[in-house]
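Hi everyone, and thanks for coming. Today I'd like to walk you through a structure that is probably new to you, so let's put it on the screen and take it piece by piece.

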Amino acid sequence: ITTPNDSAANVAEKVCKKGYDVDNTTIGFGGFKTTEKKEVKGVFTKFTVTGTKVADTPEEVFAQAEFSIPISTIETKDIGRNKRIKEEYFGKMESTFLIKGSVVKFNKDSNQVVVNIKLNNIKKEITLNYTIAGDSIQLNGELNILDFDGTDALNSLNTACESLHMGADGESKTWAEVNLYISSVLKEACE
């Protein structure tokens, strides 16, 4: 004797697509020093991404993603530099325990994504370029700290790093622009 629950029509098929993988995701940045604009790269070793979903494409997976990045997890492979950035840069801003943000929209025609970022208690939309190769997505773009009222933070970091940011021309400079580098490789995920 069979029951209605035994029928093949009632057995749900598992649907497998692609999903977010925190272990294959990085959030990095590049700040600039000297008048020659030498880039110094770093990463955030911890962050939280929510609002992702299981879907067919990276754009669909991250379409409603939100992120939160603790400033304390900055890593530039130099303990003194890490400390100066935390104290003299982020420490001069308001509410900078976390950088928060969310994806606003992907534009597949232009390969650009609009992201809302909250930094120094100011919310702004910035546009990043993105590329997809198989299951990986790379986002790159620029953030200007002056757009987030970061003049005091920039000046503080420049003062703290004056000799370290001096170029061959004898000028010390810390740039307002910061490059952003975000990458993720999706993993199989089933619903």
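**A walk through the model**

Let's begin with one residue: Tyr20 is buried, with a relative accessible area of 15%. Before I tell you about its partner, please keep in mind that what you see is a predicted model.

Now to the rings. Counting them up gives 4 aromatic pairs. One of these is formed by Tyr20 and Phe62, and it is edge-to-face, with 5.9 Å from centre to centre and 80 degrees between the planes. Where do the two partners of this pair sit in the chain? Tyr20 is in the loop between strand S1 (16-19) and strand S2 (25-33), while Phe62 belongs to helix H1 (residues 58-62), so the pair links distant parts of the chain, 42 residues apart. Phe62 is buried as well, because its relative accessibility is 11% and the cut-off for buried is under 20%.

Another pair brings together Phe106 and Tyr130. Their ring centres are 5.1 Å apart and their planes stand at 85 degrees, so this pair is edge-to-face. Here too, distant parts of the chain are linked: Phe106 comes from strand S7 (residues 98-107) and Tyr130 from strand S9 (residues 122-133), 24 residues apart. Are these two residues buried or exposed? Both Phe106 and Tyr130 are buried.

Rings can also have a charge over them. Look for Lys37, which lies over the face of Phe32 at 5.0 Å from the ring centre. Then find Trp175: the charged end of Lys173 sits over its ring, 4.4 Å from the centre.

Next, the cysteines. As a reminder, a disulfide is a covalent bond between the sulfur atoms of two cysteines. How many disulfides does a search of the whole structure find? The search finds 1. That disulfide joins Cys16 to Cys190, with 2.0 Å from S to S. The link of Cys16 and Cys190 is right-handed, with 95 degrees about the S-S bond. Cys16 lies in strand S1 and Cys190 in strand S12 (residues 187-190), so the bond ties together parts that are 174 residues apart in sequence. As for the surroundings, Cys16 is partly exposed at 38% relative accessibility, and Cys190 is partly exposed with a relative accessible area of 37%. Cys161, on the other hand, is buried, with a relative accessible area of 4%.

Strand S1 comes up again when we turn to salt bridges. A search of the whole structure finds 1 salt bridge. Its partners are Asp135 and Lys18, whose closest N and O atoms are 3.2 Å apart. Asp135 is in the loop between S9 and strand S10 (136-144), and Lys18 is in strand S1, so this pair links distant parts of the chain, 117 residues apart. Asp135 counts as partly exposed at 34% relative accessibility, and Lys18 is partly exposed with a relative accessible area of 24%.

Let's step back to the sheet. In what order do its strands run? The open sheet is formed by 10 strands in the order S4-S5-S7-S8-S9-S10-S11-S2-S3-S6, with antiparallel pairing. At the edges are strand S4 (48-50) and strand S6 (74-75), each pairing on one side only. Within the sheet, S10 and strand S11 (residues 174-185) pair in the antiparallel sense over 9 bridges. If you want to see one partnership, Ser136 has Val185 in S11 as its bridge partner.

Now for a helix. In helix H3 (residues 151-160), the buried residues include Ala153, Leu154, Ser156 and Leu157. Those four cover an arc of only 165 degrees around the axis, which puts them on the same side of H3. Why would neighbours like that line up? An α-helix has 3.6 residues a turn, so residues three or four places apart point the same way. On the other side of H3, Asp152 and Thr159 are exposed.

I'll close with two backbone details. Lys77, in the loop between S6 and helix H2 (79-89), has a phi near 65 degrees, a positive value in a residue other than glycine. Lys77 is exposed, with a relative accessible area of 80%. Ser95 lies in the loop between H2 and S7, and its phi is positive too, at about 50 degrees, although Ser95 is not a glycine. Ser95 counts as exposed, at 53% relative accessibility.

Thanks for listening!

Conventions
Residues are numbered from 1 along each chain as its sequence is written. This is a predicted model: local features need pLDDT of at least 70, side-chain atom pairs count only at pLDDT 80 or more; totals for chains, interfaces and linings use all residues. Side-chain values use heavy atoms; hydrogens and water are left out. Rings of Phe, Tyr and Trp (its six-membered ring) pair if their centres lie within 6.5 Å; planes under 30 degrees apart count as stacked, over 60 as edge-to-face and the rest as tilted. Buried means under 20% relative accessible area, exposed over 50%, partly exposed in between (1.4 Å probe, protein chains only). A charge sits over a ring if NZ of Lys or CZ of Arg is within 6 Å of the ring centre and within 35 degrees of the ring normal. A disulfide is a pair of cysteine sulfur atoms within 2.5 Å. A salt bridge is a side-chain nitrogen of Lys or Arg within 4 Å of a carboxyl oxygen of Asp or Glu. Two strands pair if DSSP finds at least two bridges between them. The arc is that of the directions from the helix axis to the C-beta atoms.
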